[in-house]
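Subject: Structure handover

Hello,

Here is the structure for your work on the ligand site. My notes follow below it.

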Amino acid sequence: MSAKAVRLDKLLANLGYGSRREIQNLARAGAIRLDGAAWADAGDRIALDPDLPDRLVIDGEALDPLPGLCLMLHKPLGVTCSHKEAGPLVYGLLPERWRRRDPPLSTVGRLDKETSGLLLLTDDGALLHRIISPKANVAKRYRVTLDRPLTGSETGVFASGTLMLEGEERPLLPVILAVEDATHCAVTLTEGRYHQVRRMFAAVGNHVTALHRDRVGGLDLPADLAAGAYRIMTAPDVEAVFAGG
Ligand code: URA
């Protein structure tokens, strides 16, 4: 099957390169090149071949990733996933032009401002919903540092499927807790309720002092992905998200 063809000015405008007029001006100036040859009319259609970013050059730079982009980001502490919280946004860690993409990149769920670790972003709404859907049962693993020593009862309470968080009407689904030492553990959960991990430990009389997500489904945060850095996900990375924990 041949790739869908789209107007180049629309494609580039939706990738944040400017208005259609600005893009036409770039084309007229010879600044848009496909396989080395100038693309004269930005109103012409171009086949959306997956290798287009390797072949199309805009103002001397390779084309940005096509729509259908999925990223893994190592969220540092102090940045937020939502405009509703004060502070710099995770989107500020991405190239400036990517913030003008349509469809926009969105975070797949959220991490609190004071939580670090693996955060996925995508412009593919169907994929986003597949990952966060309760049906997909995608497990998330958090490394937890606690203020007070574990008592030994937490594993059973979290696994019971009966723990009720303050202000909620439905108990939490079972959560697996793996003890590392007196004040460190890992929890694996499939739900994503508001401040869930912090509230779970508050419910058993403890306090989370540091929280870091190191795994989503079967995808680990790569050890060589520094805090604040991101990477484009490959198809196997996306499959790993659904491959279980
Ligand atoms: N639970 C929390 O309390 N915070 C997060 O960021 C994620 C899970």
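**The ligand site**

Helix α6 (residues 196–203) gives the largest share of the shell around the ligand, with three residues. Please keep in mind that this is a predicted model. The full set of residues around the ligand is L111, D112, T115, Y142, H195, Q196, V197, R198 and L211. Sorted by class, that shell has four nonpolar, three polar and two charged residues.

Where does the ligand lie relative to domain 2 and domain 3? It lies between them, because both domain 2 (70–134 + 219–241) and domain 3 (139–216) give residues to the shell. The space that the ligand takes is the largest pocket.

**Polar contacts**

Three contacts may interest you for setting up the site.

- D112: an N or O atom in its side chain is 2.7 Å from a nitrogen atom of the ligand.
- T115: here the side chain has an N or O atom 3.0 Å from an oxygen atom of the ligand.
- V197: this residue uses its backbone, with an N or O atom 3.1 Å from a nitrogen atom of the ligand.

How much of the ligand does the protein bury? Taken alone, the ligand exposes 240 Å², and the protein buries 95% of that.

**Backbone points to check**

Two spots in loops are also on my list.

D102 and P103 are joined by a cis peptide bond. Its omega is about 5°. P103 is in the loop between β7 (70–75) and β8 (106–107).

D35 has a positive phi, near 50°, and is a residue other than glycine. D35 is found in the loop between β2 (32–34) and β3 (37–38).

Best wishes

Technical notes:
Residues numbered from 1 in each chain as written. Predicted model: local features only at pLDDT ≥ 70, side-chain atom pairs only at ≥ 80, totals over all residues. Heavy atoms only, no water. Near = heavy atom within 4 Å. Polar contact = N/O pair within 3.5 Å; in protein donor to acceptor, adjacent residues only side chain to side chain. Areas by Shrake-Rupley, 256 points an atom, 1.4 Å probe, with all protein chains shown as cover. 1 Å grid on protein atoms, 1.4 Å probe; cavity = no way out; pocket = protein on both sides within 12 Å on 5 of 7 lines; lining within 4 Å. Sits in = over half its atoms within 2 Å of the grid points. Helix = DSSP H or I, 4+ residues; strand = E, 2+ residues; numbered from the N terminus. Nonpolar A, V, L, I, M, F, W, Y, C, P; charged D, E, K, R; others polar. Domains from an automatic or database assignment.
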